[in-house]
Amino acid sequence: PDFRDVHLQALLGFGLLMAFLSRYGLGSVTISILIVAFAIQWAVLIQGFLYSFLNGKIYVGAQSMVSADFCTAAVLISTGAVLGRVNPVQMLLLTLLGVTLFTLNEYLLLSLMGVSDSGGSLTIHTFGAYFGLTVSRILHQLHVDKRKKQQDTGHQPDFFSVVGTIYLWIFWPSFTSDTTVSGNTKPWALLNTYFSLAASTLATFVLLPVLHEENTVKMVHIQDATLANAAMMGMAGEMLVTPFGALIVGFLAGLIPPLAFRFLTPTLSSRLKTQDTCGVHNVHGLPGILGSLLGTLLTALATADAYGGRLELVFPLVTQGSRTASDQAFYQLCALPITLLLATLGGCLTGAVLKVKGLRSPLDTRHLENTVLQEV
C-alpha cells in the first residue's frame, strides 16, 4: 500500500501538475511519463550502489521502489522550471544527472550527517526546485524574449489539472509518511500533513481575492497551496508539531505561493533572467526552505518528556547520547546550505551540458512541445 500511494502520486499527482498550461499540457504529461519510466530505473541502480550493495549485488524491494519514486518526484519538480524550452533528449540528460545528484545529496544528508527529513523538504522540494531553476538560468537565451508572444503559458480550465489536484490532496499524507523510520511515527506525519493541507487550502481562498480583482479561485491555485504545504511539512512531519501547530504551518504555507507569484516572480524573471514556467520557486523552493527551518526549530525544542519513546525513533543519535538536541538542530540547519550548494553547482553543470549545440532545438522551431515529440 505504501508503494502504491507514492507511485500514484509520482505518476498522476506530479504528472498532471503541468496540465494547466494551455500550450504545454499534453506535451508535459507525455514528458512526465518518459521521465518517470527512465528515472525509476536509474534511481534504483544509483541508490542501490550506495544503500544496498552487498556481495556484488543490489538488493531491491518495496522500500527501494519507494525511494526511487521520491527521486523521480524531485526530477519532475526540476523539469517544471524548464518546461517548454527543452526537448525530450535534453529532458533525459537532465534526469540522468538530476537523479545522480539527488542521490548524492540524500546520501550526504541522511546517512552521513544523520539529518531527519522523512518528507523531503530539503532532499526533494528544495533540491528539485533550485536544481531546475539553475538549469533554467543557464539555458536562458536572448531570443527567448523575442518569442514571448509565441510562448503562451496561460492557464486553462483543464480536467487533468482537477484530477492531479485531487490526487495530491488524497496521497500527500501517505507520501510524507512513507519513509518515516518507524510505523510508530507514521501517524504523526499523517495527521500533521492532514491538518496542514486543510489550512493551506483555506489560506488560498482567503488571500487570492485580496491580491486579485477576480474573485474566482482557479484549480492551479489549489494545486500551489497543496504543494507548498507538503514542501513545508516534509521535514517536520514526523516531529511533534501538534494539530494546532500543523494548522498554523499549513495556513502560512498557503500564503506563500499567491504572495510570491504576485511580488517575487516578476523580479526573478526581469533581474535574474530566470524563466520559471511552472513557478517551482514559489511552490517548492521557498516552502522547502521554510520547512527546513521549521524542522530545525522543532529539533532544538525536542525533549524526552514531550516525545516519550518516539524520541529514539525520530532522533536516534540524540537518544544514544552521541548528540544533544542542539547539536542535532545544528546539523539540520547545516543541511540547508549544503543542499542549495549541490543543487546550484549541479544545475550549472547540467545546464552547460544541455546547451551543447547538437542538443538544442532550432531557434525558429514553433510549437516546440509538439514538434520535438513528433521528431523523436
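Are Phe 70 and Phe 175 buried or exposed? Here are a few notes to help you find your way around this predicted model.

1. To take that question right away: Phe 70 is buried, and Phe 175 is buried as well. Each belongs to a cluster that ring pairs build from Phe 70, Trp 172 and Phe 175.

2. For the wider setting, the chain has 17 helices and two strands. Of its 376 residues, 54% count as buried. Among contacts between residues at least 6 apart in sequence, 82% join residues at least 24 apart.

3. Helix α9 (residues 219–233) is a nice one to check by ruler: at 1.5 Å a residue, its 15 residues should span 21 Å, and the end C-alpha atoms are indeed 21 Å apart. Because 14 of the 15 residues are buried, α9 is largely enclosed by the rest of the structure.

4. Now for the aromatic pairs, of which the structure holds nine. In one of them, Tyr 51 and Tyr 107 have ring centres 5.7 Å apart and planes at 65°, so this pair is edge-to-face. It links distant parts of the chain, with Tyr 51 in helix α2 (residues 25–51) and Tyr 107 in helix α4 (residues 88–112), 56 residues apart. Tyr 51 is partly exposed at 38% relative accessibility, and Tyr 107 is partly exposed at 25%.

5. Two further spots deserve a look. The charged end of Arg 323 sits over the ring of Tyr 331, 3.7 Å from its centre. Cys 334 lies in helix α16 (residues 325–354) and is partly exposed, with a relative accessible area of 23%.

Definitions and conventions: Residues numbered from 1 in each chain as written. Predicted model: local features only at pLDDT ≥ 70, side-chain atom pairs only at ≥ 80, totals over all residues. Heavy atoms only, no water. Helix = DSSP H or I, 4+ residues; strand = E, 2+ residues; numbered from the N terminus. Expected span 1.5 Å × (residues − 1). Buried < 20%, exposed > 50% of the residue type's maximum accessible area, 1.4 Å probe, protein only. Contact = heavy atoms within 4.5 Å. Phe/Tyr/Trp six-rings, centres within 6.5 Å; stacked < 30°, edge-to-face > 60°. Lys NZ or Arg CZ within 6 Å of the ring centre and 35° of its normal.
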